[in-house]
Amino acid sequence: MMEAFFIAVAPLLGGLLYGFERVLRARMQNRKGPPLLQPFYDMYKLIGKQAFIVNPYHSILGIVYFITLWIVVAFIILGENLLYIIFLHLLSVVFLILAGFSVRSVYSHIGANRELLATLAYEPVLVMMAVGFFMINGSFEISAIRANASSIIPLFLLFLTFLMIIPVKLKKSPFNATEAHQEIIGGVEVEYSGVFFEFMYMAKWLEYVFIYLLLMLFAGDNIALGTALFIGTFLLVNLVDNATARVKMRDLIKIVLTLGIVLGTVNLIGLSYV
């Protein structure tokens, strides 16, 4: 029953988290900033906007991206197989990339290209993380991972690598080249408007829920540690976002892929000898 409730309100929880992040970022920059519920006010304003449809495939792919991402979050809450969840999440990103390529906009194509490259950089890290959990817990089932003790010590290098890909997924500096409003005006979302942009907007909230639910797996059955990891990581990601500039796309790939593969491989090899 509780699982069904959290699945139903997952986009709203993501919206609250996004709103709190905007408040926190404003405080870090010594300005007042928007209210906590500003993301929902923005959603309400979007309802009144005219929905311009570039082509039916573009609109449908955006909606399918949102729905698939919601299913991914639901499977995490229900404690399903982590490996399947990672592949299903990859499928949702494929829908997003196809949406970017389905229109003629150059900015959308550049954004889709960058999204594809970023996916190739962080996806191996997620798979290695799943393998690490399997080596510790003997199962890919999230329910089993949550029932066991914290894995953060034996998976510490993979944990550090996972921290590195959070800014990529949430499009935060220094790894926000996939969105880069100043250069490509939002990338794949540039041609969305009205109610169709709402789906893209809510999908961004679900990405927050997805990434922080994965983060809390490192705490296992330790709720206090999971809460501390969530709060500490949330503050760290936003501090780094405020304190750093965006790196180029090739540097994003080089840093995330190279460092992620090296640290992940060392961690997995070390586990095989324990």
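Which residues does Phe218 touch, not counting residues up to four places away in sequence? I looked this up in the predicted model, where local features need pLDDT of at least 70, side-chain atom pairs count only at pLDDT 80 or more, and totals for chains, interfaces and linings use all residues. Residues are numbered from 1 along each chain as its sequence is written, and side-chain values use heavy atoms, with hydrogens and water left out.

Phe218. I find that Phe218 touches Met129, Phe133, Ser150, Ser151, Ile152, Leu155, Leu158, Phe159, Phe162 and Leu229 (contact: heavy atoms within 4.5 Å).

Core. I looked up the largest nonpolar core (buried Ala, Val, Leu, Ile, Met, Phe, Trp, Tyr and Cys joined through side-chain atoms within 4.5 Å; buried is under 20% relative accessible area, 1.4 Å probe, protein chains only). This core has 79 residues, and Leu82, Phe162, Tyr212, Leu214 and Phe218 have the most contacts inside it. Helix 9 (residues 194-215) gives the largest share, 15 residues.

Helix 9. I note that 18 of its 22 residues are buried. Its end C-alpha atoms are 33 Å apart, which agrees with the 32 Å expected (1.5 Å times one less than the number of residues).

Fold. I find eleven helices and zero strands in the protein chain (DSSP runs: H or I, at least four residues; E, at least two; numbered from the N terminus). The C-alpha trace spans about 60 × 40 × 40 Å along its principal axes.

Burial. I read that buried residues make up 51% of the 274 residues in the protein chain.

Key
Buried < 20%, exposed > 50% of the residue type's maximum accessible area, 1.4 Å probe, protein only.
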